[in-house]
Amino acid sequence: MARDKILFERTHVFVKDRISQNDFRSDSFEEINGTLSITENERGRFFRFIPKGTEDNTTDDWALVNGGNSIISFKNTKNDKDSISVTPNPLLKFRFYFNINTLRSIRRHYVLHSISDIVLVLQDGTTLPAFHFTLSGSKELIQMLGRYLQLEKSPQDNRLYIVRGEIEQENISQPISAFDQMNLFDNSNDLMKRIKGSDSRRTAIEKFSRVTHFFKDALLGQNEFIPASGNPDGTLEPDITAIMESFNGDLRESNNDGFEVIYKVDFKKLPEVTRYSPMTIKEWEMSLDKDGRVIDINKMKERIFRGGLESNKLRSEVWKFLLNYYPWTSTLNERIELSKQKESEYFAMKLQWKSMIEQQKQRNSLFRDRESLIDKDVIRTDRTHEYFHGDNNIHLEVLHDVLMTYNMFNFDLGYVQGMNDLLSPVLIVMENEVDAFWCFVGLMERMEQNFHMDQSHIKHQLGNLHTLLQFIDAELANYLAENNSSNMYFFFRWMLICFKREFSFEDVMYLWEVLWTDHLCQNFELLVCLAILISQKTVIMESKFGCNEILKHINDLSLKVQLEPLLKHTEGLYILLKQHDQSTPGLPPTISVIMFPNKNKNLKKLHKNNDHESDSDATSTISSVKSSRGTSPNPEGERKARTRNLTESHSIDENDSAVVSHTKKI
């Protein structure tokens, strides 16, 4: 077989792999260097990345990658000593080889002179790690791909190129815009000819076409129509002038029932927020009085929220407060006595299941089933982490015993898969069986509802996510609905185990302690989910991902999201919601009850009675835009009282802000 023809090749290209560690923030990476190339053969054109040190595998007669960690290869020596070998190599997971026709999108990020990176997304939603070019080449790669693929630059993000299809090589022509490919214009229509021939008008129509599909529903409701005028030929067309004018000013309507108040909430222009370096042991010690009591509890929670904790040594003390093992108002002596009491209680419960004889277990099928499930889950819990690595690991025994004891402590709930994921970081931090158990009890008090068999709480939270998304970015919400993804099930794992598998161990512990402070609100994790989703909006929509591709793309974000910018984005969303809630007339009831449930019990009751039926109560349309992230929060004021029922409708203004229209019923 003829060798592949090399169309493009660059050495000194690398991808990054996170370094597993416990004492440092997870911005430490290992660089995996390799060679990136585009090759051609009789089967087509292929993208290939080979990490340095894995090149020799291609000389075997055949090779099978086993789980991305080893390779099983066969070499025919033409005698009785043909060899089959198993070669462990963790770099194999970074070997990529695929037909370039399977590309969905390409994002190029220019960092410094001659330094840039690209991220490739495949048609099935797979997102490859960023390929970093140290000696230039990313621009040339895109130019090479542009010779064989129709690449269209995103109007929302000039770094993103959408693949529209393959270019026929025998008839290569200038790139055709998506506007031309839609064949909207009849050559016999003089008006359309004039519009098509005018660049400025054409640009305006292109931009307008991106919002018309949701503008009608937002402005008029799903079952109403845009007013149309008749043409001489009997056809109908919308009153474009009237519609476009509505973009240029505030949306103001009145009726016989009352009046409207117009608000604009621009969720793409987020306020700046401030985040700090992690809190140190010295800071913690200085925050205690002479009796060991925390001097200012609210200030301490805010400090943890702003920067987290610097080490597991500090976490082993502070997490006991965050997880309600220690009362915040307790003194050092009181905590010492409490620890002795809790230790006795723990071993008494542990003795209950340890002392069970086999005949007892045979008469308790529920206990046997849970014990069997714990046995299976423990041996596969975070085995790549050094704390649980290796055979006969004593820490796995402790993990098992804590889960079994919790099964006795809360037998109504028992053990459910996923609890092992939550306990693992707690045990690593505490390094003490008793402390880990009681901190786990506090964690489960926060998250117990996630593990109910009917999954009603998770489904309720996913419904809340969709409601919030409709208000913050209805364009994306509508796109998800059109692609059978409005159930938000791709967030299920995130919500169930609180992002445990989406970030590195260090980042997970940092995120958890931020959430446990409840400094801003108790549903802050919902905004974390939305911030991640909104950051992927352009890729999802312009790549035209369907349901399966969206699910795969979101899953592929695991370990790829930078936590610090994410927290800034999330808090920015919260600040805008809070500011609008404090204005007159405030947030729609369905939004306010999610984000501020303790402010109005009547709103909470209303939300429960209308759960999953609030899609039309809080809809907004916001154009596709990348959210800004800043560094310092705006001041908050007191919310003014509201006593009247509100009906909400939302539209768009010319600056792509969300225009929130509240109609007061007199």
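These questions and answers cover a helix pair, the nonpolar cores and one strand residue in a predicted model.

Me: How do helix 13 and helix 14 pack, and are they oblique or perpendicular?
Reply: Helix 13 spans residues 394–409 and helix 14 spans residues 419–430. Their axes lie 11 Å apart, at an angle of about 125°. Angles of 65 to 115 degrees count as roughly perpendicular and those over 145 as roughly antiparallel, so helix 13 is, relative to helix 14, oblique.

Me: Which residue class makes up most of the contact of helix 13 with helix 14?
Reply: Helix 13 contributes His395, Val398, Leu399, Val402, Leu403 and Tyr406. Helix 14 contributes Met419, Asn420, Leu423, Ser424 and Leu427. By class there are no charged residues, three polar and eight nonpolar.

Me: Which residues touch the most other members of the largest nonpolar core?
Reply: That core has 125 residues. Leu533, one of the four, contacts Leu469, Leu476, Leu480, Met488, Phe490, Phe491, Ile540 and Ile554, leaving aside neighbours within four places in sequence. The full set with the most contacts to other members is Met419, Met488, Phe491 and Leu533.

Me: Is Leu103 buried or exposed?
Reply: Leu103 lies in strand 8, residues 103–112. Beyond four places in sequence, Leu103 touches residues including Phe98, Leu120, Leu145 and Val163. The relative accessible area of Leu103 is 3%, and the cut-off is under 20%, so Leu103 is buried.

Me: What separates the C-alpha atoms of Leu103 and Ile162?
Reply: Leu103 and Ile162 are 59 residues apart along the chain. In the model, their C-alpha atoms are separated by 8.8 Å.

Methods. Residues numbered from 1 in each chain as written. Predicted model: local features only at pLDDT ≥ 70, side-chain atom pairs only at ≥ 80, totals over all residues. Heavy atoms only, no water. Axes fitted to C-alpha atoms, helices over the stretch in contact; angles between N-to-C directions. Helix = DSSP H or I, 4+ residues; strand = E, 2+ residues; numbered from the N terminus. Parallel < 35°, antiparallel > 145°, perpendicular 65-115°, else oblique. Contact = heavy atoms within 4.5 Å. Nonpolar A, V, L, I, M, F, W, Y, C, P; charged D, E, K, R; others polar. Core = buried A, V, L, I, M, F, W, Y, C linked by side-chain atoms within 4.5 Å. Buried < 20%, exposed > 50% of the residue type's maximum accessible area, 1.4 Å probe, protein only.
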